[in-house]
Amino acid sequence: MNSAIPPRRRLVAALAVGAASLLTSLSLSATSASAQAPTLAAVGAVVAPTATTAATVTRTTTIAYGQNGDIPLAADFTGDGREEIAVFRPSNGTWYIRGGSVVRYGQNGDIPVPADFNGDGRAEIAVFRPSNGTWYIRGGSVVRYGNPGDIPVPRNYVGSSAVGIAVFRPSNGTWYIRGGLVVRYGNPGDIPVPRNYVGSSVAEIAVFRPSNGTWYIRGGSTFPYGQNGDVPVPARYTSTSVKNAAVWRPSNGTWYIRGGSTISWGVRGDIPLAGNFLGTSVADQVVFRPSNGTWYLRWQETTAPTPPPA
């Protein structure tokens with residue numbers, strides 16, 4: 001009987017049984033783990049080092065260029081695939097292109113409309129004069145096309161290598177595209193926003209309606225995106241072949257990019273511009289501040305991956 005076994009022997013026996021049970025449990029756990037865990041091909045195998053993946057970083061800068069009253073511009077005047085910082089000064093009818101030239105072309109009341117009108121890959125200095133409905137293209141031609149009150153909307157509407165002359169007439173919501181195309185699309189108060197929204201080779205006729213914050217794209221879609229008071233700034237902000245609908249909200253200085261991000265950049269009174277100023281793969285967020293004649297640029301770039309150690 002157990003009562004005949006001295007207490008010291010009973011303790012030793014209990015410890016022995018516990019140890020055996022623990023060893024059995026460990027053995028079973030090890031067997032299970034070895035069945036589930038991957039094994040190296042050979043003892044002493046070395047895992048090759050991997051490179052650090054590329055990362056997208058946000059950068060910003062400020063550039064003083066211009067003064068209060070200037071009209072900021074985004075156009076590629078040099079043909080390098082990037083927009084240059086430039087302003088048109090209505091007070092003296094002069095163009096100031098950073099890193100380029102200073103050109104007297106135009107007069108007070110003219111609307112600057114730089115674009116590649118001849119298909120050479122560079123934007124020409126040009127103005128639309130509302131007082132007589134005339135386009136003046138430096139180094140090119142003088143074209144009477146439009147009426148007082150029209151909004152100039154030069155874009156490639158026909159798939160050629162050059163930008164075409166066109167106007168949107170708010171009074172009747174009609175587009176007049178030189179070469180014969182007249183399209184009724186829009187209402188008084190709409191803001192014309194022609195861009196390539198569907199991946200074709202031409203710009204689609206489109207308007208943003210502030211009264212209901214809705215985009216209307218001819219041959220495309222209709223969708224609400226924005227609100228009254230927003231400034232439409234469509235551009236290719238994402239890695240797709242089409243332009244994104246986007247607005248900049250003066251009340252809070254925020255960019256709202258459809259299919260992209262919401263970005264706080266700018267303050268009330270700024271003028272937003274969308275363009276590829278830094279040569280990246282997508283459009284930058286840029287504002288010009290008339291109060292101090294300064295440009296504020298925000299862009300993203302992808303850093304190269306770090307090579308693995310030798």
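## Cationic groups over aromatic rings

The charged end of R169 is placed over the ring of Y176, at 4.2 Å from the ring centre. A second arginine, R209, lies over the face of Y216, with 4.2 Å to the centre of that ring. Both descriptions refer to a predicted model.

## Aromatic pairs

Across the whole structure, 12 aromatic pairs are found. One of them joins F168 and W175, whose ring centres are 5.3 Å apart. The planes of F168 and W175 meet at 55 degrees, so this pair is classed as tilted. Both residues, F168 and W175, are buried.

F208 and W215 also form a tilted pair, with 5.4 Å from centre to centre and 55 degrees between the planes. F208 is buried, as is W215. These two residues belong to one aromatic cluster, together with Y197 and F223.

## Strand β15 and its partners

Strand β15 covers residues 206-209. In a regular strand, side chains alternate between the two faces of the sheet. In β15, A206 and F208 point one way, whereas V207 and R209 point the other way. All four of these residues are buried. F208 thus named is the member of the aromatic cluster, and R209 is the residue placed over the ring of Y216.

On one side, β15 is joined to β14 by 2 bridges, and the two strands run antiparallel. V207 in β15 is the bridge partner of P192. Strand β16, residues 214-217, is joined to β15 by 4 bridges, again in an antiparallel arrangement. Here A206 has I217 of β16 as its bridge partner. The hairpin of β15 and β16 has 4 residues between the strands, and G213 adopts a positive phi near 60 degrees.

## The sheet from β18 to β21

Four strands make up an open sheet in the order β18-β19-β20-β21, with antiparallel pairing. Which strands stand at the edges of this sheet? They are β18 (231-232) and β21 (262-264); each has a single partner strand, so one side of each is left without a neighbour in the sheet.

The partner of β18 is β19, residues 246-249; 2 bridges join these antiparallel strands. Within this pairing, V231 stands opposite W248 of β19.

## The largest pocket

Rolling a probe the size of a water molecule over the atoms shows where empty space is left. The largest pocket contains about 1900 Å³ of space. Its lining comprises 49 residues, of which A74, P154, R155, R195 and A274 are the closest to the centre.

By class, the lining of the largest pocket holds 33 nonpolar, 8 polar and 8 charged residues. Several strands contribute at least two lining residues each: β2 (71-75), β6 (111-112), β10 (151-152), β14 (191-192), β18 and β22 (271-275). Among these, β14 is the strand paired with β15, and β18 is an edge strand of the open sheet.

## The loop carrying P90

Where along the chain is P90 placed? P90 is in the loop between β3 (84-89) and β4 (94-97). The relative accessible area of P90 is 14%; the cut-off for a buried residue is under 20%, so P90 counts as buried.

P90 and P112 are 22 residues apart along the chain, and their C-alpha atoms are separated by 9.3 Å. P112 falls within β6 (111-112), one of the strands that supply at least two residues of the pocket lining.

Definitions and conventions:
Residues numbered from 1 in each chain as written. Predicted model: local features only at pLDDT ≥ 70, side-chain atom pairs only at ≥ 80, totals over all residues. Heavy atoms only, no water. Pairing = 2+ DSSP bridges. 1 Å grid on protein atoms, 1.4 Å probe; cavity = no way out; pocket = protein on both sides within 12 Å on 5 of 7 lines; lining within 4 Å. Points joined across faces, edges and corners; volume = space filled by probe spheres on them. Nonpolar A, V, L, I, M, F, W, Y, C, P; charged D, E, K, R; others polar. Phe/Tyr/Trp six-rings, centres within 6.5 Å; stacked < 30°, edge-to-face > 60°. Buried < 20%, exposed > 50% of the residue type's maximum accessible area, 1.4 Å probe, protein only. Lys NZ or Arg CZ within 6 Å of the ring centre and 35° of its normal.
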